[in-house]
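Biologist: Hello! Could you walk me through this model, one question at a time?

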Amino acid sequence: MDATGDIRAHPTGKMGSMGLASRTDYETIQVVVGGRRDTGSYLELVVKGTPAKTSNILRTASDMSGGFIASARHPLPASFIKEHAAIGGISIALNLGYAMLEAESQGPEAIMEAVRRETQGRYIGRGQVLKKDVHYSGAFDIGTITMEDGSGNELTLHVMNEYMAVDQAGQRLTTYPDVITTFEVATGLPVSVGGVKEGMEIALFAIDKQHVPLSSSVKDPSVYPEVEQVLGISLAEYGLKGI
């Protein structure tokens, strides 16, 4: 089935629940495995209930197991998936991977250009990471990363596990559900929040939401407030605009 709960990464399970987060009439089953046996943090968990409540339980399980879990959740009929999922998401990811592999022999710049060409995205800035102020709290990496934009200005990347928004001098440049990611210039490959280091040269890349399939999750206003509260910034007024 060529469908995903979200075409891009997101911090909360609710953001990948295909519009189920605010529904109280749907009982989900969520199955979780995480942790390591050698440290005593391994666990398995099965929970039933509303998506909103069970998603919070999964977050706690992730924190207890060391910050990472694998889960299977939300058994749903194919008709629901067809209507609410991000259709075509798996094919898009595979085709992008093939394009990157094809460009690999030509070096880092060719890889990054292949990504831009394949996705209709744009590079917002390129320069050195000036400051990384990200801390771990309750299974989330939260904070900001400040980088040069290549023109003598600074960009602020707002982080909650993933890049959720980018500001420049108080002006919003891109916001979830736009796809936002960083590339290490030396390799031409994506580098996650955890891999970004101060002094590293990175390229900041974004794909406007109009160029990616959107699931019902990102159109659900109920999934935004908890992330906005944690980050202290507005997301919904930008993210929901035009969808």
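**A tour of the chain**

Modeller: Gladly! This is a predicted model, and we can start with Ser215, in the loop between strand 13 (201-207) and helix 5 (225-231).

Biologist: Is Ser215 buried or exposed?

Modeller: To be called buried, a residue needs a relative accessible area under 20%. The value for Ser215 is 0%. Ser215 is therefore buried.

Biologist: Which residues does Ser215 touch, not counting residues up to four places away in sequence?

Modeller: A contact here means heavy atoms within 4.5 Å. With the sequence neighbours set aside, the residues touching Ser215 are Gly5, Asp6, His84, Ala85 and Ala86.

Biologist: Which element gives the largest share of the largest nonpolar core?

Modeller: That core has 31 residues, and Met160, Met164, Tyr224, Val227, Leu231 and Leu235 touch the most other members. Elements giving two or more residues to this core include helix 3 (89-103), helix 4 (108-119), strand 7 (140-148) and strand 9 (162-168). The largest share, five residues, comes from helix 4.

Biologist: How many residues are in the second, separate core?

Modeller: Val129, Leu157, Val166 and Val191 are included in this second core. Its size is 17 residues.

Biologist: Which residues of helix 5 are in contact with Met164?

Modeller: Leaving aside neighbours within four places in sequence, the contacts of Met164 include Arg8, Pro11, Met15 and Ile180. Helix 5 spans residues 225-231. From that stretch, the contacts of Met164 are Val227 and Leu231.

Biologist: Why are the buried residues of helix 1 on the same side?

Modeller: Helix 1 (residues 51-64) has 14 residues. Its buried residues are Pro51, Thr54, Ser55, Leu58, Ala61 and Ser62. They sit on the same side of helix 1 because they cover an arc around the axis of only 115°.

Biologist: Which residues are exposed on the other side of helix 1?

Modeller: The buried residues of helix 1 have cover that includes strand 2 (28-34), strand 3 (43-49) and strand 4 (69-73). On the other side of helix 1, the exposed residues are Lys53 and Met64.

Biologist: How many helices and strands are there in the chain?

Modeller: Counting along the chain gives six helices and 13 strands.

Biologist: What is the radius of gyration of the chain?

Modeller: For 243 residues, the globule rule gives 18 Å. The chain comes close to that, so it is as compact as a globular protein of that length. Its radius of gyration is 18 Å.

Conventions
Residues numbered from 1 in each chain as written. Predicted model: local features only at pLDDT ≥ 70, side-chain atom pairs only at ≥ 80, totals over all residues. Heavy atoms only, no water. Helix = DSSP H or I, 4+ residues; strand = E, 2+ residues; numbered from the N terminus. Buried < 20%, exposed > 50% of the residue type's maximum accessible area, 1.4 Å probe, protein only. Core = buried A, V, L, I, M, F, W, Y, C linked by side-chain atoms within 4.5 Å. Expected span 1.5 Å × (residues − 1). Arc of directions from axis to C-beta. Rg over C-alpha atoms; globule rule 2.2 N^0.38 Å.
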